[in-house]
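Grab a pencil and work through the exercises below with the structure open beside you. Each one sets a task and then walks through the solution.

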Amino acid sequence: MKNLLRKEIFYPVLILSEIAFILIAIFFLSKIVFIKILLIALSVIEVLLISDSEESPSFKLSKIVSIIIFPVYGGVIYFIIRKKRPVRNTALYRKRDKDITASYLINMGFKAFSPEGSRYFPDGESLFEEMLDRINTAKDYIYIEFFIIAEGKALDRLIEALKIKASEGVKVKIIIDHMGSLFVKPKNFIKEMMGCGIECRQFNPINPLKLNRLNLRDHRKILVVDGEYAFTGGINIADEYMNYKLRFGIWKDTGAMVCSKAAKAFSVMFEDMWKAIGENRHYEQRKEREAVILPDKSFCIPFFDSPFDDIKLSLSLYLSLIYNAGKSIYITTPYLVCDDEVLNALKTAAASGIDVKLILPGIPDKKLINIITKSCYPTLMESGVEIYEYSEGFIHSKTIVTDEDKAVAGTVNLDYRSMSETLECGCYFVKCSAVEEICKDFTGTLAECRRIFPEESREIPFIGKVARGFLKLFAPLMSLLQILQKWFFKSIYYLKLVLKAVII
C-alpha cells in the first residue's frame, strides 16, 4: 500500500486530477455569462499572442484554429502551458561558405574536432555492447544521461557493470528524465544506486504546481567514459532498443561514438546539466565563442539543443543541411510531425532534382502521431520525395546524410516536440568513415523497406482524411496528449491496486 502511494505514482494522478478539475470548473463557470465573456476574451488575447510570436506559421495556425474550435477552453489551456518561444536565427541563410552548416554550429559556440576513432553503429545491440565494453575500461569517471531507463535485462547488465566500477573507485553519475522513466524504472532504482556509491539526479521532476514545465524534457542520450569515449544516438536503456524483447517488430536504432577531445565536449554537456539540476535552475550550456579555422578535410562537431536558448538549433541545422545539399538527402526518423518550413525544404530539394529519400516506421509505436506522419506523405511524394517504411518493424534511428559526405547522428526527431520543447544532442560528421558507414547502413536498410507510392494515399477514405486533418490541428500538443493518455491508464491500474489493498 505504501509503495502504491509513493510520490512518483501520486503526482501523475494529482496532475490528471488537476487538469480534470480545471476543465470541469471551466464547464460550470462558463454558464455564468460574465465568466464566459472573460474566458473568450482570454482566448482572443492568447490568439493575438500566438500570432505575434516567432513560431512557425503552420503551428501558429494549428494553435489558433484549435482555440477557435474550443474558445472557452482553448485560451486557458494554452495560457497554462505557454512559454517564451525561441527566435529562429536566419544568419545561416545569408552566409555562403564551403560548409555553411559547420560555420553555423561554430558561430553558435560549438567546436570542430578530429573524427579519428569515431564509429557509427547500425543497430542498438552492437551500440549497447560497445558501451558496456568501454564502461569496463573506465579508470576515472562514467557519465550517463538518458531519457528512459527501464527495468529489464539491459538495465541489469548496465547496473552490474557500473557497480563493479563504482567499487573500484570510479566516479559514476547518472541523469535520467523523470517523466521518461516514470513507471518503467525499478521502484528503488535511485536509492539502490546511491547505496552503491553511484550518484543520481532526475531532470525536471513532475510537479502539479508547474504544469507549464510538464512538456519540458531531457531527450538526450549520452554516455561518456573518462572523457576518452562518448556515445550518443537513439537508444535508451530499455530492452526493446536492443531487441531483448519485441514490442513493434524489430526495433531498428543507431548511434555513434566519438573519441578524445570530441568526447570531452560531451563531458562538458553532461557536467553543465548535472550542475543545473543540482542548483535547480534552467540548463544553459557554457559555449566558448572563439575564432576557429574550419578544417579543410574531415572533422566532427558535437552539439546540443535546448529550449532555453534563443534559437531552434536542431531545426536550423536540418534546414541548413537540406538547403545546401547538391546531390542527395537521406533521412531516417520515427516521426514526421514538423512544420511547413521543413516540408517545403524537402519538396524544393526533390523538385530541384536532388535525390531525397525518407525511411519511416512500418510498425508505429504511437498510432496517433503516425497518422499525422502519414498525412505528410502525399505532398512530399508529389514533389518527388521517395518515402519508405521499414517492413521489419519500428525504426527509431535519427540520422540525416547529405551528398554522402556530411551527416548527423543523435537524438533529434523530425517533430515539433524534439525541435522546440526538449533538450537534444548529436554530432555532425564531415568527410569521415562515420559518414560512409551511415550511407552504407541507409542503403542496406532500404532493402528491408517497402516504398510508399502516391496511389496508396489517394485510397484513404474521406473520413480518414478528415480525421488526419483534425489531429494535425493538435500536432503541437500531440506528444503531451500521448503522455497524459499513458498516465491515465497507468493511474487507473494503480487505483485498482489501491482499492484492492484497502478492501483486503
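Before starting, one cut-off: a residue is buried under 20% relative accessible area, exposed over 50%, and partly exposed in between. Keep in mind that this is a predicted model.

**Exercise 1. Find where Asn243 sits, and decide whether Asn243 counts as buried or exposed.**

Step 1: locate the residue. Asn243 belongs to the loop that links S7 and strand S8 (250–252).

Step 2: check the backbone. Asn243 isn't a glycine, yet its phi is positive, near 60 degrees.

Step 3: apply the cut-off. The relative accessibility of Asn243 is 17%, and buried means under 20%. Therefore Asn243 counts as buried.

**Exercise 2. Do the same job for Asp226: which loop holds it, and what is its phi?**

Step 1: look between strand S6 (222–225) and strand S7 (229–233), since the loop there contains Asp226.

Step 2: read off phi. For Asp226 the value is positive, about 60 degrees, although the residue is not a glycine.

Step 3: add accessibility. With a relative accessible area of 19%, Asp226 is buried.

**Exercise 3. Describe the surroundings of Thr232.**

Step 1: place Thr232 in strand S7.

Step 2: get its exposure. The relative accessible area of Thr232 is 5%, so this residue is buried.

Step 3: list what Thr232 touches, skipping residues up to four places away in sequence. The partners include Lys221, Phe266 and Cys425, along with Gly255, Ala256, Ala409, Gly410, Thr411 and Gly426.

Step 4: try a distance. Thr232 and Thr254 are 22 residues apart along the chain, and their C-alpha atoms are separated by 8.9 Å.

**Exercise 4. Work out how H6 and H12 are arranged, and which residues meet.**

Step 1: take the geometry. Helix H6 (residues 100–107) packs on helix H12 (residues 313–323) at an angle of about 160 degrees, and the axes are 9 Å apart.

Step 2: classify the angle. Anything over 145 degrees counts as roughly antiparallel, and H6 and H12 are therefore roughly antiparallel to each other.

Step 3: note the handedness, which is right-handed where H6 passes H12.

Step 4: pick out the residues. From H6 come Ile100, Thr101, Tyr104 and Leu105; they meet Leu313, Ser316, Leu317, Ser320 and Leu321 of H12. Sorted by class, this contact of H6 with H12 has six nonpolar, three polar and no charged residues.

**Exercise 5. Now turn to H12 and H13: how do their axes cross?**

Step 1: H12 and helix H13 (residues 340–351) have axes that come within 9 Å and cross at roughly 10 degrees.

Step 2: angles under 35 degrees count as roughly parallel, so H12 and H13 are roughly parallel to each other. Their crossing is left-handed.

Step 3: on the H12 side you'll find Leu315, Leu319, Ile322 and Tyr323, which meet Glu341, Val342, Ala345, Leu346 and Ala349 in H13. The class count for H12 with H13 is eight nonpolar, no polar and one charged.

**Exercise 6. Repeat the analysis for H7 and H8.**

Step 1: the axes of helix H7 (residues 124–135) and helix H8 (residues 153–167) come within 10 Å, crossing at roughly 15 degrees.

Step 2: H7 and H8 are therefore roughly parallel to each other, and they cross in a left-handed way.

Step 3: Phe128, Glu129, Leu132 and Ile135 in H7 meet a set in H8 made up of Ala154, Arg157, Leu158, Ala161, Leu162 and Lys165. By class, the contact of H7 with H8 has seven nonpolar, no polar and three charged residues.

**Exercise 7. Which residues have the most contacts inside the largest nonpolar core, and how many residues does that core have?**

Step 1: count the core, which has 87 residues; Ile329 and Phe429 have the most contacts inside it. Helix H11 (residues 260–278) gives this core its largest share, eight residues.

Step 2: separate off the second core. That one has 47 residues, among them Phe121, Ile149, Ala161 and Phe394.

Step 3: zoom in on Ile329. Leaving aside neighbours within four places in sequence, its contacts include Ile322, Leu346, Ala349, Ile354 and Ile400.

How values were computed
Residues numbered from 1 in each chain as written. Predicted model: local features only at pLDDT ≥ 70, side-chain atom pairs only at ≥ 80, totals over all residues. Heavy atoms only, no water. Axes fitted to C-alpha atoms, helices over the stretch in contact; angles between N-to-C directions. Helix = DSSP H or I, 4+ residues; strand = E, 2+ residues; numbered from the N terminus. Parallel < 35°, antiparallel > 145°, perpendicular 65-115°, else oblique. Left-handed = near helix turned anticlockwise from the far one by under 90°. Contact = heavy atoms within 4.5 Å. Nonpolar A, V, L, I, M, F, W, Y, C, P; charged D, E, K, R; others polar. Core = buried A, V, L, I, M, F, W, Y, C linked by side-chain atoms within 4.5 Å. Buried < 20%, exposed > 50% of the residue type's maximum accessible area, 1.4 Å probe, protein only.
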